[in-house]
Amino acid sequence: MHKRQFLSAIACASLALTASTAMAQDKFKIGLILPMTGPFASTGKQIEAAARLYMAQNGDMVAGKKVELIVKDDTSAADVTKRLAQEMVVNEKVSVLAGFGLTPLAFATAPIATQSKTPMVVMAAATSSITQASPFIVRTSFTLPQAAVAIADWAPNNGIKKVVTLVSDYGPGIDAEKYFKDRLTFNGGQVLDTLRVPMRNPDFAPFLQKVRDLKPDAVYVFVPSGAGAALMKQFAERGMDKAGIKLIGTGDITDDDILNSMGDVANGVVTSHHYSASHNSPLNKKFVAAFEKANNGLRPNFMAVGGYDGMRVIYEAAKTTKGAGGQALLDAMKGQVFESPRGPMFIDAQTRDVVHNIYIRKVEKVNGQLYNQEFATLKDVKDPGKAR
Ligand code: DHB
């Protein structure tokens with residue numbers, strides 16, 4: 001080989017090498033792990049649609065890198081979620097793990113985030129203690145104690161003193177029960193019984209019968225997003241409302257994407273939550289219109305907003321670090337303050353948890369459609385679970 005040929009061969013090889021490393025570095029990968037099939041598929045559908053909307057509105061380049069969203073179905077199984085997270089970190093070299101539609105899935109993945117120093121953005125799961133499972137977790141959804149305490153303050157001032165609680169028997173349900181019961185009791189009310197139903201395939205009938213027999217002023221309910229319609233149907237079939245028992249709960253029960261299908265039994269139900277599709281702000285109106293347009297008229301729920309805001313936190317952090325990941329990316333997520341479709345929010349730099357308004361809402365018909373109409377606001381609510 002002549003010297004010149006040799007030199008040009010080396011130049012080509014090194015160019016190829018630079019090009020391939022540049023290509024790897026030119027991507028900013030987000031591993032979005034969600035329940036896309038099974039009973040919690042609506043959570044996955046809402047969050048994926050919101051993440052794609054955020055990218056359509058804000059571009060697929062951040063800090064000079066192309067954003068790649070890798071979406072995987074966890075089938076709502078904890079072991080599958082953990083394996084997918086491991087593959088995303090090791091093979092795909094994602095900068096961020098995101099999603100987590102259910103509490104057990106977030107807990108299963110936390111050690112992977114810690115060991116690999118990969119920021120993990122929890123967009124859905126809402127048990128208070130999740131953020132303590134890894135220093136790399138940041139949450140953009142909400143916590144059950146935030147919502148539970150608010151409705152426990154509202155109820156006794158509105159003729160509801162004796163309550164039976166009915167919750168899904170796992171993390172967020174236990175939080176919803178405990179924080180409601182403690183606060184209602186503190187406020188002079190009384191919890192007559194605490195009922196827990198299985199998280200998967202619940203049959204509410206025997207539990208609702210128990211509620212009927214106890215004759216409380218109201219039944220307070222938490223079930224995960226997607227399960228509210230079945231509960232509502234059985235509540236009506238058993239004539240609970242006609243027996244004078246009110247239904248209250250956290251806003252998971254009057255979930256926006258299925259609220260309209262619940263029918264008249266949902267009308268008038270009062271709940272507490274951080275997001276309603278009818279939240280009255282220009283930003284939210286724009287968000288809802290764009291989401292509905294991109295998804296065949298599907299109404300965004302609180303899961304969608306957790307996903308949309310999670311993407312905002314990721315994009316802005318990546319801009320700050322110029323695309324670098326790990327601890328720097330995590331640090332750039334902490335303390336972000338911004339306006340969400342839900343209203344003002346921030347990521348508490350100490351706890352890495354979301355701080356936002358909690359609204360008291362009543363289901364009403366607006367132009368023939370059922371909506372959660374916000375009528376009172378508690379400002380800047382921190383997770384009460386962190387205060388102890
Ligand atoms: C969780 C899931 C939900 O669908 C919901 O509405 C609230 C909490 C959870 O598993 O953490």
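**Two domains and their salt bridges**

Colleague: Hello! Which residue meets D256 in a salt bridge?
Modeller: Glad to help; keep in mind that this is a predicted model. The side chain of D256 has a salt-bridge partner, with N to O at 2.9 Å. That partner is R299.

Colleague: Thanks! How is the protein divided into domains?
Modeller: There are two domains, and each is made of two stretches of sequence. Domain 2 takes 145-273 + 358-381. Domain 1 takes 28-142 + 281-352.

Colleague: And how much area do domain 1 and domain 2 bury between them?
Modeller: In contact are 20 residues of domain 1 and 23 residues of domain 2. The size of an interface is often given as the accessible area lost when the parts come together. Here 54% of that area is on carbon and sulfur atoms, and the total is about 1700 Å².

Colleague: Which residues of domain 1 lose the most area to domain 2?
Modeller: Three residues stand out on that side, together making up 37% of what it buries. One of them, R299, also forms the salt bridge with D256. The three are F142, R299 and F302.

Colleague: Which helix gives the largest share of the side of domain 1 that touches domain 2, and how many residues is that?
Modeller: Between the domains, seven residue pairs are in polar contact. On the domain 1 side, α2, α4 and α11 each supply at least two residues. The largest share is from α2, with three residues.

Colleague: Let's stay with α2. Is E48 buried or exposed?
Modeller: E48 forms a salt bridge with R52, with N and O 2.9 Å apart. Both lie in α2, four residues apart, about one turn of the helix. R52 has 41% relative accessibility, so R52 counts as partly exposed. E48 is at 18%, and because the cut-off is under 20%, E48 counts as buried.

Colleague: What about K233 in its salt bridge with E237: buried or exposed?
Modeller: These two meet at 3.2 Å, N to O, and both lie in helix α8. E237 is exposed, with a relative accessible area of 57%. K233 is at 52%, and because the cut-off is over 50%, K233 counts as exposed.

Colleague: Last one: how far apart in sequence are the parts that D353 and K386 tie together?
Modeller: The closest N and O atoms of this salt bridge are 2.7 Å apart. D353 is in the loop between β13 and β14, whereas K386 is in the segment after β15. The pair therefore ties together parts separated in sequence by 33 residues.

Key
Residues numbered from 1 in each chain as written. Predicted model: local features only at pLDDT ≥ 70, side-chain atom pairs only at ≥ 80, totals over all residues. Heavy atoms only, no water. Domains from an automatic or database assignment. Contact = heavy atoms within 4.5 Å. Buried area = accessible area lost by both parts, 1.4 Å probe. Salt bridge = Lys/Arg side-chain N within 4 Å of Asp/Glu carboxyl O. Polar contact = N/O pair within 3.5 Å; in protein donor to acceptor, adjacent residues only side chain to side chain. Buried < 20%, exposed > 50% of the residue type's maximum accessible area, 1.4 Å probe, protein only.
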